[in-house]
Every structure is written in C-alpha cells, then in structure tokens.
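Walk me through this fold, from its helices to its sheet and its cores. Where should the eye go, and how far can the coordinates be trusted?

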Amino acid sequence: MLSALANALKTPDLRRKILFTLGIIVVFRLGSTVPSPNVNISRIDQCLALAQQGDAAGLYSMINLFSGGALLQLTIFALGIMPYITASIILQLLTVVIPRLEALKKEGGTGQQKITEYTRYLTLVLAVLNATAFVTLARTGQLFQGCDGILYSDELLPLITMVLVMTAGTGIIMWMGELITERGIGNGMSILIFTQIAASFPSGLWSIKQSHQGVTGWVLFFLVIGIGLLVMLGIIWVEQGQRRIPVQYAKRMVGRRLVGGSTTYIPLKVNQSGVIPVIFASSILYLPVLYSTFRPDGAVSLWIQQNFTGQGSFSWVYNLTQFVLIIAFCYFYVSITFNPEEVSDNMKKYGGFIPGIRAGKPTERYLAHVLSRLTAPGSLYLATIALIPTIAFMAVGAQQNFPFGGTSILIIVGVALDTVKKIESQLQQRNYEGFLR
C-alpha cells in the first residue's frame, strides 16, 4: 500500500487527485468544528463533558458515531453524511418495491442519474427533519439531560436559521462527496464517512489510557492498539474472501464471425452485504432510544434506558437483539441486491452456463444455494464484529470509548481497501508494461 501511494505521488495526474481529495477532507473537518448560529459553544463543551461521564454515555457515543463529534456540538456540518446514506438506502430498498424505480435502474446510466437526483431531494428532506429534531432537543434541554442554556435565544427566527444552516451544510457535504468521486480518488461519500469515524480514534484511544493510572494505562493503551490491528487483519482476510463460480460461454456464430468460447467466473464475496446490515441494525436499535429521549417517563422508557443506553448497552437484551437483527438484515439485503433468477436469465441469454449445471432453473437453484451457504458465515462474522465493543468492555473496561469496534472498523477497513484498489488500478493504466520490454 505504501509503495502504491509513493508511486501515485510521483504521477502528476494522480498526485493532483490525491491532493484535491485531501483538500476537500480539510474543508470538511473545518466545517465540522464551526458552530451554527445561536449556539453557546462553551456551554455545549461543559454539557458534553458531563454527559460523557454519566450513565447515558453509550447513547451519546452512538449519536456521535458517524459525525466525528460534530453533531452534539451543533456545528454547520453537524448532520454529516448520514442523511445521504439513509436516503441512498431508502431508494435502494424502494427500487425493489416500486416498478418505476426498478425500470429506471434497468435503463443504465440515464436511469441511474434520475435515481441519484431523487436521492439528493430525499437527502434534503431528511436533513430538514433531522436538523429540526436536534434543534428542538437543544431548545427544550433534552439534547443533554439536565443541562440547558446551550442556545442564546429560543425565538423562532434564530431556530429557523439554525435548521437552514444545518440543512445547507448537508447539501455542501453531498456536493463535496460528489466532487471527490468525479475529480479525486475513491468514492466521495465513503471517504467522508471514513474521515468522520477516523476523527474520533485519537480521543478514544487516549481516553482508554487516561482511565487507568500509571504504567497500567500505557500497557492497556498499546494492548488495545495491538488488538485493533489484529482485528483489522482478520477483517481484511474475510473481506477479501470470495467464492468464484466458473462460467463457460459456448461458441456461436454472429454474422460471419465465430465468437464466445471464453471462461470467466462470478465472484460471490463471503460478506456480500458489506456494512449495510450493521447500519440497519444500529438504526433500528436507535428508535427505542429516541422514544425514551422524547418520553422519559413511564415503565417502557425506563426499561429501554436500562437495557439500551448507558451501562445497559452491554446487557444481554441489547446484544442479543443486535446479533439477531444483523443476521436477519444480512439475508434480507443479499436477497434484494443479488437476484439468482436474473443472473441465470442473463447467462442463458448470452450462451453461458456453469459446468455440470443445466441452464435455467437448475442454475438459479444452484446460485441461490451457494449464496445461502456463503451468507451464513458472512452474517455471523458481521454480528461478531459488531460485538467487539462489548467484548472490550468486559475485558479491559474500555466502555464506549473503544475505537476498534463494530460499524466503525468495518467502514474504515472497507473504504481503505477500496481506495487502495482504485489507486492501484489507475497506476496500472499509466504504467502498463507488455510482454516485450
């Protein structure tokens, strides 16, 4: 990876793309530290310090996961990239349900542009709703329980200004992500969410050291780093694993030419669904927490606070629910993203077949069987990775500050692998050497 990066910096075109991407990241992080209008930033810092030491520390850690600490500080980029991610997931799910969206998806580039346009509009709608919800929580003092005075004014015009500024910030983030995709290196949205998560790593590691005094703190500090690196190696090993199903294309006459006769394969990854099931499960588990925030009184809210926030985040109820949801969403997401019937029909249309398997329904059943066998270990792998913070809590008492866990490490490793692959592919295009030198 380091050699690929060094060679990329020596290539003028790639160097410009890398520097452009780094420049966008710097602007993005600067926007994540600039407070919105009407926000008392010194008071927010005090409330945040108190909240991270209280019983609801797990809730605030969950809220800050994809914002790099910007959301609870109510900055102009407080909402981060999550409205766009949510809108993309919603449109992807609706593509299976709504025939019009399914037809657009099959149209190719033109249809994809239309779906992207719908995603942008839905992103702005979700940004307005999210900004309104968090501004309302800040005004009523529910953003930090028992800590108010974080806004200078409760009048309507300043509150509307805050909502508009946060919504505009989401629009700017969406634009910057598309700029990275067009003019930089890698997928822009993935790199921005990678930046948000990585921004919380140093503080998380340092808090582990500070939680233990003397030599014990330093030993634990380096032990956690070592464990994190081993977990990353394991994730890379699984993420690169795939089952290659061979496909043979028969020879056929097209005009006066004999074409076909080639052999290729269908790559089915062990983790075919990526990190989406973990995000789905986290979103579902956040709904009861949100309910208990708006309605703190009552037996149901009390049970939720005991089992889904604070120290209850490490209870068997929370972990078992998360484990089951991740496995269920793995199967659900794979079923809507990989259609064995469609793949079988396309192979039959172009004269392809799997050796030893008849074309048509037998091929479809074979692909569904292989995909189901792969999804089982893939879903267990994802669910186990998501429980790493719980294991860290029981082993070293790292609590929510453990940085190498769950969704964050999966996203960081996945984005890093994808970005390095794109750099290497562009290097191969510019430095290709044939058989004759």
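Gly141 comes right after helix α7 and has a positive phi, near 80°. The helix before this glycine spans residues 109-140. From first C-alpha to last, α7 reaches 46 Å over its 32 residues, close to the 46 Å expected at 1.5 Å a residue. Its buried positions run from one end towards the other: Gly111, Ile115, Thr119, Thr123, Leu126, Ala127, Ala131, Phe134, Val135, Leu137 and Ala138.

All of this is read from a predicted model. The protein averages a pLDDT of 78, and 80% of the residues score at least 70. Confidence varies from element to element. Helix α8 (residues 156-183) has the highest mean pLDDT, 90, whereas helix α4 (residues 57-63) has the lowest, 56. Over residues 433-437 the pLDDT is below 50. That stretch has zero contacts in the model beyond near neighbours in sequence. Where pLDDT is low, the predicted coordinates should not be read in detail.

Now the overall make-up. The protein has 18 helices and five strands. Of its 437 residues, 44% are buried. Take the contacts between residues at least 6 apart in sequence: 71% of them join residues at least 24 apart.

Which order do the strands of the open sheet follow? The three strands run β4-β1-β5, with antiparallel pairing. β4 (263-269) and β5 (352-353) are the edge strands; each has a single partner, so one side of each is left without a neighbour in the sheet. Strands of a sheet pair through backbone hydrogen bonds, either parallel or antiparallel. Here β1 and β4 pair over seven bridges in the antiparallel sense. Gln242 stands opposite Lys269 in β4. On the other flank, β1 (residues 242-249) meets β5 over two antiparallel bridges. There Tyr249 stands opposite Gly352.

A helix covers part of this sheet. Helix α16 (residues 361-386) lies across β1 and β4 and runs at about 165° to β1.

Next, look at the loop that follows β4. Asn271 sits between β4 and α12 (276-294). Is this asparagine buried or exposed? Asn271 counts as buried because its relative accessibility is 3%, under the 20% cut-off. Leaving out residues up to four places away in sequence, Asn271 touches Glu239, Tyr381 and Leu382.

Leu410 also touches Glu239, Tyr381 and Leu382. Its other contacts, beyond neighbours within four places in sequence, are Ile235, Val275, Val278 and Ile385. Leu410 belongs to the largest nonpolar core, which has 49 residues. Within that core, Leu410 is among the residues that touch the most other members, along with Ile81, Ile235, Ile326 and Ile385. A second core is separate and has 22 residues, including Cys47, Ala131, Leu143 and Leu159. Ala131 has already appeared among the buried residues of α7.

Helix α5 (residues 82-97) can be read in the manner of α7. Its 16 residues reach 23 Å from first C-alpha to last, close to the 22 Å expected at 1.5 Å a residue. Buried in α5 are Met82, Pro83, Tyr84, Ile85, Ala87, Ile89, Leu91 and Thr95.

Turn to a glycine inside a helix. Gly188 is found in α9 (residues 188-198). At 0% relative accessibility, Gly188 counts as buried. Setting aside residues up to four places away in sequence, Gly188 touches Gly177, Ile180 and Thr181. Ile173 lies 15 residues from Gly188 along the chain, and their C-alpha atoms are separated by 9.7 Å.

One more backbone detail remains. Most residues other than glycine have a negative phi. Asn38 is not a glycine, yet its phi is positive, about 75°. Asn38 lies in the loop between α2 (12-31) and α3 (41-51). With 14% relative accessibility, Asn38 counts as buried.

Notes:
Residues numbered from 1 in each chain as written. Predicted model: local features only at pLDDT ≥ 70, side-chain atom pairs only at ≥ 80, totals over all residues. Heavy atoms only, no water. Pairing = 2+ DSSP bridges. Helix = DSSP H or I, 4+ residues; strand = E, 2+ residues; numbered from the N terminus. Contact = heavy atoms within 4.5 Å. Axes fitted to C-alpha atoms, helices over the stretch in contact; angles between N-to-C directions. Core = buried A, V, L, I, M, F, W, Y, C linked by side-chain atoms within 4.5 Å. Buried < 20%, exposed > 50% of the residue type's maximum accessible area, 1.4 Å probe, protein only. Expected span 1.5 Å × (residues − 1). pLDDT = per-residue confidence, 0-100.
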